[in-house]
Amino acid sequence: MDYEVTLIAGHREALLARTLESFTRDVFCNFPIRRLIANLDPFMGDSAEGDRCEALIRRYFPDALIFRPEVPDFGSAVIRAWSKTTAPRVIHLEDDWIALE
């Protein structure tokens, strides 16, 4: 059974890099991942950092579905990402999470 990953993030490249690296190393390798669906809210960093965050996501998930709304709204971000899932199972992430084991 395959999985999708939802990712709720802001324009926080350093945090996002740690999250993607740790989950790729310690979690994703244990599951058949169909795709990643991300919402990059314009929160914290500027548009250039948002571009770098999108590029970072695409290094790990080249076919990711990425939303970049104009206004940050956590609740809408979660609804937006989850409404696009189609896999029977979903792994939900936020950009400041670290896989510890």
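This is a short conversation about how features of a predicted model get their labels.

Biologist: What makes β1 and β2 a pair of strands?

Modeller: Pairing takes at least two bridges. Eight bridges join β1, residues 3–11, to β2, residues 33–44. Eight meets the cut-off, so the two strands pair. They run parallel. Ala9 stands opposite Leu40 in β2.

Biologist: Which route does the chain take from β1 to β2?

Modeller: The chain passes through helix α1, residues 13–26. This β-α-β crossover is right-handed.

Biologist: Why is that crossover called right-handed?

Modeller: Point the strands away from you, and follow the path from the first strand over the helix to the second. A clockwise path is called right-handed. The crossover from β1 through α1 to β2 has that label, so its path runs clockwise in this view.

Biologist: How do you know that β2 and β3 pair?

Modeller: The same cut-off applies: at least two bridges. β2 and β3, residues 65–67, have three bridges, so they count as paired. Their sense is parallel. Ala38 has Ile66 in β3 as its bridge partner. Helix α2, residues 47–60, joins β2 and β3 in a right-handed β-α-β unit.

Biologist: Why is Asn39 called buried?

Modeller: Buried means under 20% relative accessible area. Asn39 has 0%, so it is buried. Asn39 is found in strand β2. Leaving out residues up to four places away in sequence, it touches Leu7, Ile8, Ala9, Phe67, Pro69, Ala77 and Arg80.

Biologist: What makes the link between the side chains of Asn39 and Asp41 a polar contact?

Modeller: The N or O atoms must lie within 3.5 Å, with one able to donate a hydrogen and the other to accept it. The contact between these side chains is 2.8 Å, so the distance passes.

Biologist: Is Cys29 buried or exposed? And Cys53, buried or exposed?

Modeller: Exposed means over 50%. Cys29 has 56%, so it is exposed. Cys53 has 0%, which is under 20%, so Cys53 is buried.

Biologist: How many disulfides does the structure hold?

Modeller: Zero. A disulfide needs a pair of cysteine sulfur atoms within 2.5 Å. The count is zero, so no pair of cysteine sulfur atoms lies within that distance.

Biologist: Why does Ala55 count as partly exposed?

Modeller: Partly exposed lies between the 20% and 50% cut-offs. Ala55 has 38%, so it falls in between. Ala55 lies in helix α2. Its C-alpha atom is separated by 17 Å from that of Ser22, 33 residues apart along the chain.

Notes
Residues numbered from 1 in each chain as written. Predicted model: local features only at pLDDT ≥ 70, side-chain atom pairs only at ≥ 80, totals over all residues. Heavy atoms only, no water. Helix = DSSP H or I, 4+ residues; strand = E, 2+ residues; numbered from the N terminus. Buried < 20%, exposed > 50% of the residue type's maximum accessible area, 1.4 Å probe, protein only. Contact = heavy atoms within 4.5 Å.
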